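Me: I would like to look closely at one part of this model, and then see how that part sits in the rest of the chain. Could you take me through it slowly, in connected steps?

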Amino acid sequence: VQLQAYGGGLVQAGGSLRLSCAASGRTFSRYAMGWFRQAPGKEREFVASISRSGISTYYADSVKGRFTISRDNAKNTVYLQMNSLKPEDTAVYYCALGAGVVASDREYDYWGQGTQVTVSS
């Protein structure tokens, strides 16, 4: 399976970005999807996850109420809408494919290459 994340960029604090992750090589709708991020000098951290159907979602406390994860199974794509961005959201964002709506990165088997998000103050 291949995951291609895109949509990152430079944005001012308070702004918005939408990340996309396109999947190929597997039946996308059979898997949960997640977004993670890694800031310089920090460990990778969970951001959000969504169930196969898209009905169930799960967010890190740090992004709850500002970020929204969604998916379009017809397009084999998962999205991360990021609003009210803060400088501390600056990181490389990765999408991942896994078995469940969980926060542990060990539960995700396939990872995209990452897309850089930079939020200026």
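Reply: A good place to start is Asp72, whose bridge partner in β8 is Thr77. Please keep in mind throughout that this is a predicted model. The pair belongs to a longer match, since β7 and β8 run antiparallel and are joined by six bridges. In general, the strands of a sheet pair through backbone hydrogen bonds, and they may do so in a parallel or an antiparallel way.

Between these two strands there is a loop, and Asn76 lies in it. The backbone of Asn76 deserves a second look, because most residues other than glycine have a negative phi. Asn76 is not a glycine, and yet its phi is positive, at about 55 degrees. With a relative accessible area of 25%, Asn76 counts as partly exposed, because the range for that class begins where the buried class, under 20%, ends. A similar case comes after β8, where Ser84 is placed in the loop between β8 and β9. Ser84 also has a positive phi without being a glycine, in this case near 50 degrees, and at 40% relative accessibility Ser84 is partly exposed.

Which strands stand beside this pair? β7 and β8 are part of an open sheet of four strands in the order β1-β3-β8-β7, and the pairing in this sheet is antiparallel. Because β1 and β7 stand at the edges, each has a single partner strand, and one side of each is therefore left without a neighbour in the sheet. On average, and ignoring direction, neighbouring strands of this sheet are turned by 15 degrees against each other.

At the β1 edge you can follow Tyr6, which has its place in that strand. Tyr6 is partly exposed, with a relative accessibility of 42%. Setting aside residues up to four places away in sequence, Tyr6 touches Arg18, Leu19, Ser20, Ala22 and Thr115. For Tyr6 and Ala22, the C-alpha atoms are 8.5 Å apart, although 16 residues separate the two along the chain.

Another of the residues touched by Tyr6 is Thr115, which is found in strand β11. Thr115 is buried, at 10% relative accessibility. A polar atom of the Thr115 side chain lies 3.1 Å from the backbone nitrogen of Gly8. Beyond four places in sequence, Thr115 has contacts that include Ala5, Gly7, Leu19, Ala91 and Tyr93.

Returning to β8, its nonpolar residues lead us inwards. Leu80, Met82, Trp35 and Tyr93 have the most contacts inside the largest nonpolar core, which has 33 residues. The elements that give two or more residues to this core are β1, β3, β4, β5, β7, β8, β9 and β11, and β9 gives the most, with five residues. Met82 shows how such contacts reach across the sequence: leaving aside neighbours within four places, Met82 is in contact with Gly15, Ser16, Leu17, Leu19, Arg66, Phe67, Tyr93 and Val117.

Why can β9 be called largely enclosed by the rest of the structure? Seven of its eight residues are buried, and so the rest of the structure largely encloses this strand. The pairing of β9 can be followed strand by strand. With β4, β9 pairs in the antiparallel sense over seven bridges, and in this match Gly34 stands opposite Ala96 in β9. Ala96 also has a bridge partner in β10, namely Trp111, and β9 and β10 run antiparallel with three bridges between them. With β11, β9 again pairs in the antiparallel sense, over three bridges, and here Ala91 stands opposite Val117.

Finally, step back to the whole chain, which has eleven strands and zero helices. Of its 121 residues, 42% count as buried. Among contacts between residues at least 6 apart in sequence, 57% join residues at least 24 apart. The C-alpha atoms fill a box of roughly 40 × 25 × 25 Å along the principal axes. The radius of gyration is 13 Å, which agrees with the value near 14 Å that a compact globule of 121 residues would have.

How values were computed. Residues are numbered from 1 along each chain as its sequence is written. This is a predicted model: local features need pLDDT of at least 70, side-chain atom pairs count only at pLDDT 80 or more; totals for chains, interfaces and linings use all residues. Side-chain values use heavy atoms; hydrogens and water are left out. A nonpolar core is a set of buried Ala, Val, Leu, Ile, Met, Phe, Trp, Tyr and Cys residues joined through side-chain atoms within 4.5 Å. Buried means under 20% relative accessible area, exposed over 50%, partly exposed in between (1.4 Å probe, protein chains only). Contact means heavy atoms within 4.5 Å. A polar contact is a pair of N or O atoms within 3.5 Å; within protein, one must be able to donate a hydrogen and the other to accept it, and residues adjacent in sequence count only if both atoms are side-chain atoms. Two strands pair if DSSP finds at least two bridges between them. Axes are lines fitted to C-alpha atoms, for helices over the stretch in contact, and angles run from 0 to 180 degrees between N-to-C directions. The radius of gyration is taken over C-alpha atoms; the globule rule is 2.2 Å times the number of residues to the power 0.38.
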